[in-house]
Amino acid sequence: NSQLIYAHRLDVPDIAETMYAPRLSYILDLPDQSTVRTSIQRSLRMMPLRAQYLYDKDDRDSSINGIDHEKLDSLEVAYSKVFNESTLVEVNAYYNDMDTVGYTGTKLEFLGDMQLFGIELQAKFQWKNTTLIANHSYLNLIDWTMNPDLRDGINRNNISFSDYLYTSTRGDEDITVSNYGNSLNNWSTNSSRLILTSHFMDRKLVTHISARMNWDHEGSYDEMEMFQRAYDNFNTSTLDADALALFENQRSEFERERALLDAEDAYQQDLSVNASLSYSWETKHDSKIVATLYAANILGDLKRYYVSTGSSREYPQRLQYLEEPTSIGLRISVKYR
């Protein structure tokens, strides 16, 4: 059994050019209780509303080549198989080719071309009253090419340091940092999740435990290595004694900042574990009361990161993040029918 599906979406906003999104999908059901889904699509996407509003209020003709949207071409292949009444496994792989667009303060501009490959694996197991879901996703940057018109040593990008050029003039000596690494900034390459749910007492009592770990922040740490290489390769033979002393002091500030960041292990794995216990009961007045006791961030290792916009100083800006505390709470809700 197979299906061929074509879908087309059209959006006509009043603050941007017309957007379209065609999608062609092929679905094949195999006799061994497995399914293969393949799709190819293109979509045009608006910038966030604030950027789109500012762009609309500015001179819209100022955009490079009339660029109004990001363009995303993607190919996706998904496979799912039911092994038995208790086990379901799904694999989803995709390739994205994206022309990225950003609002640079006065206009929307083409930032660069990016190719990504990703794969997601998920298994679901069911034993009587218990369900376990295990999920892992992997995202790899294949290539990132920054717009040559913006790659002038003045502009920055927060997508990847793999194609990068910036000259910092804020220190005693100008430092030029350039291409390093091959990963995404502000994103972990791997993310793993476990979700365990059990029902008791005719599904009135529910226990829930979830764990998530993000790991391999190579794309963010590339900034540190990029600066290290710039200092190690700096030609100090052109400096006089006074300038050399200032440069060495500047380099020591960088090394101090690096030591402080490394000591925090901020670029390592980020683990979050949550748990809850819920009990529900029906009342005589067609209502349902649910009481939930929960504990969030049990291990106290959850971080929420600020977005790094790239380097603007003579050393990487201190990585900013908020460590969420462990919290315990009780929630009671009433639902009326």
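Colleague: In this predicted model, with which residue does Arg-42 form a salt bridge?

Modeller: The model is a predicted one, and in it the closest N and O atoms of the pair in question are 2.6 Å apart, which lies within the 4 Å that a salt bridge requires. Arg-42 sits in strand β3 (residues 34–45), while its partner sits in strand β4 (residues 70–84), so that the pair, 31 residues apart, links distant parts of the chain. The partner of Arg-42 in this salt bridge is Asp-73.

Colleague: Is Asp-73 buried, partly exposed or exposed?

Modeller: The relative accessible area of Asp-73 is 22%, and buried would mean under 20%, exposed over 50%. Because 22% falls in between these limits, Asp-73 counts as partly exposed.

Colleague: Which residue forms a salt bridge with Asp-163?

Modeller: The closest N and O atoms of this pair are 2.6 Å apart, and both residues belong to the loop between β7 and β8, 12 residues apart. Asp-163 is buried, with a relative accessible area of 11%, whereas its partner is partly exposed, at 27%. That partner is Arg-151.

Colleague: Which helix holds Arg-258, whose side chain meets that of Glu-225 in a salt bridge?

Modeller: The N to O distance between the side chains of Glu-225 and Arg-258 is 3.1 Å. Glu-225 lies in helix α2 (residues 218–232) and its partner in another numbered helix, so the salt bridge ties together parts that are 33 residues apart in sequence. The helix that holds Arg-258 is α3 (residues 241–264).

Colleague: Which residue is linked with Glu-225 and Arg-258 in a network of salt bridges?

Modeller: Of the two residues already named, Glu-225 counts as partly exposed at 22% relative accessibility, whereas Arg-258 counts as buried at 15%. The network of salt bridges links these two residues with Asp-262.

Colleague: Which side chain does the side chain of Ser-162 join in a polar contact of 2.8 Å?

Modeller: Ser-162 is found in the loop between β7 (130–146) and β8 (165–168), and it is buried because its relative accessible area of 18% is under 20%. Not counting residues up to four places away in sequence, Ser-162 touches several residues, among them Leu-141, Trp-144 and Tyr-180. The polar contact of 2.8 Å joins its side chain to that of Ser-160.

Colleague: How many salt bridges does the count come to?

Modeller: Side chains of opposite charge can pair when their charged atoms come close. With a side-chain nitrogen of Lys or Arg required within 4 Å of a carboxyl oxygen of Asp or Glu, the count comes to 10 salt bridges.

Conventions. Residues are numbered from 1 along each chain as its sequence is written. This is a predicted model: local features need pLDDT of at least 70, side-chain atom pairs count only at pLDDT 80 or more; totals for chains, interfaces and linings use all residues. Side-chain values use heavy atoms; hydrogens and water are left out. Helices (H or I, at least four residues) and strands (E, at least two) are DSSP runs, numbered from the N terminus. Buried means under 20% relative accessible area, exposed over 50%, partly exposed in between (1.4 Å probe, protein chains only). A polar contact is a pair of N or O atoms within 3.5 Å; within protein, one must be able to donate a hydrogen and the other to accept it, and residues adjacent in sequence count only if both atoms are side-chain atoms. Contact means heavy atoms within 4.5 Å.
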